[in-house]
Each structure stands twice: as structure tokens, then as C-alpha cells.
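Q: I should like a close look at a single part of this structure and at the framework around it. Which element gives the largest share of the lining of the largest pocket?

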Amino acid sequence: RHGVFKDSGLTQLVADKLSNAEQIKRAKVFPYQLFSAYKNVDHTVPAKVTNALQKAAETAIENIPDFGGKVYVFTDVSGSMHSPVTGYRGTVSTKVQCIDVAALVSASVLRKNAEAEVIPFSDHVVRATLNPYDSVMTNAEKLSRLPSGGTNCSAPLAELNRRNAKGDLIIYVSDNESWVDSARYRSTATMTEWNKFKARNPKAKLVCIDITP
């Protein structure tokens, strides 16, 4: 807003600092912080800086572990995921939506676990093709643009059970809907499907990340 980037020297200084892997690691900056900055840039920010933000995010993701084994990430892309991650705050609502965070988490896991499988879902499984070697920003953008709908958390588990799939870790990323599904015999449809998966994969673990609990 104050013409900072009209100075080419200063633009280069900012880009160089953002691209400094050693400083990023020392600062322990989270990919989310860089992603949030990236989402807020507009046409006044030079490409050199936005490219540096993407490069910085890739560096920050090095802190994410390789989980080992077969990993699945179930990314909620339902309609409610398009709400601001910090809630509605009028004209000062954040530009970052729940879907952006879910997409970032999913893309980050995929980046460090190339054999992982990301399965987006709304009221059904939503097909998406992601390349683990694409940048995290690229894959996050792809996921955030998928068609939305209702919420059926059991759908991706049911898909794995139909495939008779093997797996070691399942990660759900949702806003606050990991509990959703009609009750069946004091259980949810998700728990019913998980029990089937667990019987086939007794050492498997299930992690639910609720972005706005």
C-alpha cells in the first residue's frame, strides 16, 4: 500500500530473505503462515515475492514427517468448508477459508509422503488427481477449487472398504464435521466403516483434525 515494491532493490531483498532456507528453519515458520501470506497477495506484489513465498513454503514443509506405511488423507470439501477459518468478522474476515487449510494440510502430507493418497469428499467421494511432486501451493489450489456439497464423512472409508484396501494411517481434515453421520446402533456410519477397516488393518490409526472445533 505504501509503494514498498516500487523499489526493485527492496523487492529483491524481501525475496532473498523469504528464500533463505536457513532463516526459515531458524524461525521455525509454519507452512500455514506462509500460505496465509500467499493468499493475501494481490496484483501489487511482484511475482518475485510470490514465487519466493512458494519456495519458502516448500522449505517449511521439510519439518513434516514421513509417516511411513500407507497413508490416506480424507479432505472435507463440503460447503461449510468455504467459511473463514477464524469465523465471520464482517469486513475484517480472513481470506483464508477452512478449505484452504484442509487443502494445505493434505498437500503437505502428500509432499512428504509421496505414496499417500488424498481422497476429497463432500456427500460423496470427489475425484481429484494430485501430483506429489507439484508444489504444495499448486496442489492446495487444486483441492480448494473442487466442487462442494453436503457432508458424508463415512464416504471415503466406505470407498476404501469397497476396494478391500490396506492402510496404516488415515487423517481426516474437516471444519467441525468429523462427527457427522446418522446414528446406527449407538454408532455413526463413519465408526461402522472404520471398524470394518480396522478389522482388516488391526494396527491402523485414525486421526481427526477439526479446523474450527
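A: Helices here are DSSP runs of H or I with at least four residues, strands are runs of E with at least two, and both are numbered from the N terminus. In these terms, the element that gives the largest share of the lining is helix α5, with four residues. The model is predicted, and the account below describes that model.

The pocket itself comes first. The largest pocket holds about 280 Å³ of space. Its lining has 15 residues, and F30, P31, I64, V105 and S108 are the closest to the centre. Two elements, α3 (residues 31-40) and α5, each give two or more residues to this lining. By class, the lining consists of twelve nonpolar residues, two polar residues and one charged residue.

Helix α5 also belongs to the nonpolar core. The largest such core has 38 residues, and L34, V71 and I211 are those with the most contacts inside it. At least two residues of this core come from each of α3, α4 (residues 47-60), β1, α5, α6 (residues 136-144) and β3. With nine residues, α5 gives the most to the core. In soluble globular proteins, nonpolar side chains tend to be buried together. Helix α5 therefore has two roles in this description, as the largest contributor to the pocket lining and as the largest contributor to the core, where the residues concerned are buried by definition and are joined through side-chain atoms within 4.5 Å.

The path of the chain through α5 leads to the strands. Strand β1 (residues 71-76) pairs with strand β2 (residues 117-121) in the parallel sense, over five bridges. Within this pair, D76 of β1 has F121 of β2 as its bridge partner. The chain runs from β1 through α5 (residues 98-112) to β2, and the β-α-β crossover formed in this way is right-handed.

Strand β1 also pairs with strand β3 (residues 169-174), again in the parallel sense and over five bridges. V73 stands opposite I171 in that strand, and Y172 is the bridge partner of F74. Strand β3 in turn pairs with strand β6 (residues 205-210), in the parallel sense and over six bridges. There, S174 has D210 as its bridge partner.

How far are these strands covered? All six residues of β1 fall under the 20% relative accessible area that defines burial, so the strand is largely enclosed by the rest of the structure. In a regular strand the side chains alternate between the two faces of the sheet. In β1, V71, V73 and T75 lie on one side, Y72, F74 and D76 lie on the other, and all are buried, so that both faces are covered. Strand β3 is mostly covered, with six of its six residues buried. L169, I171 and V173 point one way from β3 and I170, Y172 and S174 the other way, and all of them are buried.

A second pocket offers a point of reference. About 220 Å³ of space lies in the second largest pocket. Its lining is formed by R1, H2, G3, V4, F5, K6, D42, T44 and V45, and by class these comprise three nonpolar, three polar and three charged residues. One of them, T44, is located in the loop between α3 and α4. T44 is counted as partly exposed because its relative accessibility is 47%. T44 and G3 are 41 residues apart in sequence, with their C-alpha atoms 8.8 Å apart in space.

Two loop residues deserve a note on backbone geometry. Most residues other than glycine have a negative phi, and most peptide bonds are trans. K28, although not a glycine, has a positive phi of about 55°. K28 is found in the loop between α2 (residues 21-27) and α3, and K28 is exposed, with a relative accessible area of 63%. N164 likewise is not a glycine and has a positive phi, of about 60°. N164 lies in the loop between α7 (residues 154-163) and β3.

Definitions and conventions. Residues numbered from 1 in each chain as written. Predicted model: local features only at pLDDT ≥ 70, side-chain atom pairs only at ≥ 80, totals over all residues. Heavy atoms only, no water. Buried < 20%, exposed > 50% of the residue type's maximum accessible area, 1.4 Å probe, protein only. Pairing = 2+ DSSP bridges. Right-handed = clockwise from strand over helix to strand, strands pointing away. 1 Å grid on protein atoms, 1.4 Å probe; cavity = no way out; pocket = protein on both sides within 12 Å on 5 of 7 lines; lining within 4 Å. Points joined across faces, edges and corners; volume = space filled by probe spheres on them. Nonpolar A, V, L, I, M, F, W, Y, C, P; charged D, E, K, R; others polar.
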